[in-house]
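Colleague: I'm new to reading models like this one. Could you walk me through it?

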Amino acid sequence: METAIPHLVEPHPVTGIPNGKFGIWLFLASEVMLFGALFSSYVLIRVGAPHWPPEGGLSSEVLNVPLGTFNTAVLITSSITMVLAWASCKMGSLPKFKLWMAATVGLALVFLVVKYFEYSDKFHHGHFPSHDNFYGIYFVLTGLHGLHIVGGIVVNTYLLTFGSKLWNVDREWFTNRVENAGLYWHFVDLVWIFLFPSLYLL
Amino acid sequence: MAEHAQSESPEEFKKHLGRYYVVFVALLCLTAITVGVSYLKLNRPLAIAVALIIATVKAGMVAAVFMHLISEKKVIYAVLVLTALFFALVLLIPSFTAYEGHHIITGT
């Protein structure tokens, strides 16, 4: 093999974990701040608004609650399939990993398709991000979250296809990669768990 | 958990899989409760409190079990404590400004 980066599999003596895992947690910490800043902006704008949504009515009447609920269930399901993909690696089965990982990617695509229908319905009614603060916040938060879903799909598809060749080289290394991708994926699920009630229901 | 799992045999590891299904079902139930409660049309402060408490419980379960934070290395806890501190700070910022800006920032 070419020059090996140390501590891909064995824990780093200082942190007690492999470097990749430490790296993904630091990345997630920065992600918390990214979404936190936007969420904080949402609170500020909303508290300052005489009515929310500004045009009147309720968020649950403006946004499609059944679709949002469905998408929440889809993401939660994709989280457990992701865990099972990693668990399959732990239990030494690449075919099972591929099955669960394919399910995870499939569910992520379902989420995006539903989001596409939600967005196109809003656009159809002339509700673009510039329409008012409600739609501005809605599109920025769900759009950024959607981009994270796309990122997860790219990484997970790589692990499902070309990336899985690593299984034959070093199983533990590959399993760590799946675990790290999983940590990211669960985080994306976790963000949605807060976004859904805050945007759709309250 | 991940750290212990490395030393476990696949059979031993398999025994722990149950917890993931338990959390999965709990997350779905809590989602149903959140949506159900929203139809009760509670007054706004109560509705916000209920929704955010349930969301926090759900997030806690995802973090503890799916992300196996329940048994992680100290360094990750250290990173997360620092993150939680700054996250709280960022969320507090609106409370310093909202008093002055109540009618300045409008919806349109």
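Colleague: How many residues does each chain put into the contact between chain A and chain B?

Modeller: Keep in mind that this is a predicted model. Chain A brings 47 residues to the contact, and chain B brings 44 residues. On the chain A side, H1 (19-48), H3 (65-90), H5 (133-160) and H7 (171-201) each supply at least two residues. H1(A) gives the most, with 14 residues.

Colleague: What classes do the residues on that side of chain A fall into?

Modeller: There are 30 nonpolar, 13 polar and 4 charged ones on the side of chain A that touches chain B.

Colleague: How do I describe two helices that pack together?

Modeller: You give the angle between their axes and the distance between the axes. Take H3(A) and H3(B), the latter being residues 18-38 of chain B: their axes come within 10 Å and cross at roughly 170°. Angles over 145 degrees count as roughly antiparallel, so H3(A) is roughly antiparallel to H3(B).

Colleague: Which residues meet there?

Modeller: From H3(A) they include Val65(A), Thr69(A) and Ile76(A), and among those from H3(B) are Tyr20(B), Phe24(B) and Thr31(B). By class, this helix contact has 10 nonpolar, 3 polar and no charged residues.

Colleague: Now Trp192(A): is that residue buried or exposed?

Modeller: The cut-off for buried is 20 or more other C-beta atoms within 10 Å. Trp192(A), in helix H7 of chain A, has 25 C-beta neighbours inside 10 Å, so Trp192(A) counts as buried.

Colleague: What does Trp192(A) touch, leaving aside its neighbours within four places in sequence?

Modeller: Trp192(A) is in contact with Thr72(A), Leu75(A) and His145(A). Leu75(A) sits 117 residues away in sequence, yet its C-alpha is 8.2 Å from that of Trp192(A).

Key
Residues numbered from 1 in each chain as written. Chains lettered and ligands numbered in written order. Predicted model: local features only at pLDDT ≥ 70, side-chain atom pairs only at ≥ 80, totals over all residues. Contact = placed C-beta atoms within 7 Å. Helix = DSSP H or I, 4+ residues; strand = E, 2+ residues; numbered from the N terminus. Nonpolar A, V, L, I, M, F, W, Y, C, P; charged D, E, K, R; others polar. Axes fitted to C-alpha atoms, helices over the stretch in contact; angles between N-to-C directions. Parallel < 35°, antiparallel > 145°, perpendicular 65-115°, else oblique. Buried ≥ 20, exposed ≤ 12 C-beta atoms within 10 Å, placed from the backbone.
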